[in-house]
Amino acid sequence: MASDYSTKISLHRFVDELTAGLLPRAVSRKSIILNQIDRDLEVGSDENLLAFVLWNLLDKVVDSTQNECIHIESVQEGDSTMIRVRNAGVYFYRSCGNCFRQVQDAAEKLGGSISVDSWEMSTTVALTLHKAA
């Protein structure tokens, strides 16, 4: 069960900082990364654990994507915040196979879960953070 963290993280800024290191590789793969997370959205979370989960997901997305626009968006429903990455590439499953269990375990420690949905030539990866009761 996740702890109630007192530190609030600006999710838009946090994602900007994480993706800065991925931009050169994304550009070399002829892809761009768009941070479409609400600028006012803050989450209470363990910053290091959240960075581990998001970095690993975004790193695998960039590796599995070519000639695409990668959209990172936020969706809030009730007490849950979803960080959704669209156009993760058709090879996402293959590129994340070995690390996925560790990333899923870390997401669960945050009180969240990871989901992956594929259809046609696109994959969407989502980290959903549930507010602690």
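A salt bridge is a side-chain nitrogen of Lys or Arg within 4 Å of a carboxyl oxygen of Asp or Glu. Keep that cut-off in mind for the points below. The model is predicted.

1. **The count.** By this rule the structure has eight salt bridges. Side chains of opposite charge can pair when their charged atoms come close. Some of these pairs are taken up below.

2. **Glu73 and Arg84.** The closest N and O atoms of Glu73 and Arg84 are 2.8 Å apart. That is within 4 Å, so the pair counts as a salt bridge. Glu73 sits in strand S4 (residues 69-77), and Arg84 sits in strand S5 (residues 80-86). The pair therefore ties together parts that are 11 residues apart in sequence.

3. **A second partner for Glu73.** Arg86 also forms a salt bridge with Glu73, and here the closest N and O atoms are 3.0 Å apart. Again strand S5 is linked to strand S4: Arg86 lies in S5, Glu73 in S4, and they are 13 residues apart.

4. **Buried or exposed?** How does Glu73 rate, buried or exposed? Glu73 has a relative accessible area of 12%. Buried means under 20%, so Glu73 is buried. Arg84, at 27% relative accessibility, is partly exposed. Arg86 is partly exposed too, at 29%.

5. **The strands around these pairs.** S4 and S5 run antiparallel and are joined by seven bridges. Within this pairing, Gln76 has Thr81 of S5 as its bridge partner. The hairpin of S4 and S5 has two residues between the strands. Gly78 in this hairpin takes a positive phi near 60 degrees.

6. **The other neighbour of S5.** Which strand do six bridges join to S5? It is strand S7 (residues 122-130), and S5 and S7 run antiparallel. Val85 stands opposite Val125 in S7.

7. **A helix-to-helix pair.** Asp63 forms a salt bridge with Arg25. Their closest N and O atoms are 2.4 Å apart. This pair links distant parts of the chain: Asp63 is in helix H3 (residues 47-63), Arg25 is in helix H2 (residues 23-28), and 38 residues separate them. Asp63 is partly exposed at 33% relative accessibility. Arg25 is partly exposed as well, with a relative accessible area of 28%.

8. **A network.** Which residues are linked with Arg25 and Asp63 in a network of salt bridges? They are Asp59 and Lys60.

Terms used:
Residues are numbered from 1 along each chain as its sequence is written. This is a predicted model: local features need pLDDT of at least 70, side-chain atom pairs count only at pLDDT 80 or more; totals for chains, interfaces and linings use all residues. Side-chain values use heavy atoms; hydrogens and water are left out. Helices (H or I, at least four residues) and strands (E, at least two) are DSSP runs, numbered from the N terminus. Buried means under 20% relative accessible area, exposed over 50%, partly exposed in between (1.4 Å probe, protein chains only). Two strands pair if DSSP finds at least two bridges between them.
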